[in-house]
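Colleague: Before we discuss this model, could you put it up so that we can both look at it?

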Amino acid sequence: QVQLVEFGGGLVQAGGSLRLSCAASGRTWSNHAMGWFRQGLGKEREFVAAIRRNKGNTDYADSVKGRFTISGDNAKNTVYLQMNSLKPEDTAVYYCAVRGRSEWYWSSLTDPVRYDYWGQGTQVTVSS
């Protein structure tokens with residue numbers, strides 16, 4: 001089992017910044033990718049960003065490219081999401097997820113089905 005805890009959500013004005021953190025504990029040795037997803041009110045969960053643990057390859061949703069940056073600290077089993085130039089449409093609950101199954105190693109990072117564990121979510125609200 002892997003436990004995930006997210007930090008850093010809150011209320012910010014449009015144009016502002018927030019930094020989310022997600023700390024993993026438990027059986028983290030097999031985790032090979034970590035990602036962020038979000039779900040707005042009345043919307044489906046959508047991919048935001050992800051990073052492969054070994055080589056640091058990243059992937060981003062088009063809607064956040066150039067504004068958000070994902071990074072990881074393998075020694076701390078922690079992944080970060082730096083969010084700049086926030087917009088009201090970024091308002092959502094943000095979820096951290098990890099992938100550990102070896103058969104999913106080459107699967108697209110954007111697929112939420114191929115993540116093994118999820119955090120409880122942290123609310124990000126961007127006011128206009």
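Modeller: Here it is, and please keep in mind that this is a predicted model. A good place to begin is Val5, which stands opposite Ala23 in E3.

Colleague: Over how many bridges do E1 and E3 pair, and in which sense?

Modeller: Val5 and Ala23 of E3 face each other, and they offer a starting point for following the pairing of the strands. Taken as a whole, the pairing of E1 with E3 is antiparallel and runs over six bridges.

Colleague: Which residue in E8 does Ala23 stand opposite?

Modeller: Strand E3 is also joined to E8, by six bridges, and the two run antiparallel. Within E8, the residue that Ala23 stands opposite is Thr78.

Colleague: What is the bridge partner of Ile70 in E8?

Modeller: Strand E7, residues 68-73, pairs with E8 in the antiparallel sense over six bridges. The two strands form a hairpin with four residues between them, and in the turn Asn77 has a positive phi of about 50°. The partner of Ile70 in E8 is Leu81.

Colleague: Which strands are the edge strands of the open sheet?

Modeller: The open sheet is formed by four strands in the order E1-E3-E8-E7, with antiparallel pairing. On average, neighbouring strands of this sheet are turned by 15° against each other, direction ignored. Pairing on one side only is what marks the edge strands, and these are E1 and E7.

Colleague: Why is strand E8 largely enclosed by the rest of the structure?

Modeller: Strand E8 spans residues 78-83, and the answer rests on how many of its six residues are buried. E8 is largely enclosed by the rest of the structure because the number of its residues that are buried is five.

Colleague: Is Ser21 buried or exposed?

Modeller: Ser21 has its place in strand E3, residues 18-26. Leaving aside neighbours within four places in sequence, Ser21 is in contact with Val5, Glu6, Phe7, Trp36, Val79 and Tyr80. Since buried means under 20% relative accessible area, the 17% relative accessibility of Ser21 makes this residue buried.

Colleague: Which residues have the most contacts inside the largest nonpolar core?

Modeller: The largest nonpolar core has 34 residues, and E1, E3, E4, E5, E7, E8, E9 and E11 each supply at least two residues of this core. Tyr94 shows how such a residue is surrounded, since among the residues it touches, not counting those up to four places away in sequence, are Leu20, Trp36, Val48, Phe68, Leu81, Met83 and Val124. The residues with the most contacts inside the core are Trp36, Leu81, Met83 and Tyr94.

Colleague: How many residues apart are the two cysteines of the disulfide?

Modeller: The structure holds one disulfide, and this disulfide joins Cys22 to Cys96 with an S to S distance of 2.1 Å. With -80° about the S-S bond, the link is left-handed, and both Cys22 and Cys96 are buried. The pair links distant parts of the chain, with Cys22 in strand E3 and Cys96 in strand E9, and their separation is 74 residues.

Colleague: Which residues do the salt bridges that share partners join into one network?

Modeller: A search of the whole structure finds six salt bridges, one of which is formed by the side chains of Arg38 and Glu46 at 2.6 Å, N to O. Asp90 forms a salt bridge with Arg67, the closest N and O atoms being 2.7 Å apart; Asp90 lies in the loop between E8 and E9 and Arg67 in the loop between E6 and E7, so the pair ties together parts that are 23 residues apart in sequence. Arg38 is buried at 5% relative accessibility, Asp90 at 0% and Arg67 at 10%, whereas Glu46 is partly exposed at 35%. The network joins Arg38, Glu46, Arg67 and Asp90.

Colleague: Which residues is Ser107 in contact with, leaving aside its neighbours within four places in sequence?

Modeller: Ser107 has its place in the loop between strand E9 and strand E10, and at 15% relative accessibility this serine counts as buried. One residue that it contacts, Arg114, is partly exposed at 32% and meets Asp111 in a salt bridge at 2.6 Å, N to O. The contacts of Ser107 are Arg52, Arg99 and Arg114.

Key:
Residues numbered from 1 in each chain as written. Predicted model: local features only at pLDDT ≥ 70, side-chain atom pairs only at ≥ 80, totals over all residues. Heavy atoms only, no water. Buried < 20%, exposed > 50% of the residue type's maximum accessible area, 1.4 Å probe, protein only. Contact = heavy atoms within 4.5 Å. Pairing = 2+ DSSP bridges. Core = buried A, V, L, I, M, F, W, Y, C linked by side-chain atoms within 4.5 Å. Disulfide = S-S within 2.5 Å. Salt bridge = Lys/Arg side-chain N within 4 Å of Asp/Glu carboxyl O. Axes fitted to C-alpha atoms, helices over the stretch in contact; angles between N-to-C directions.
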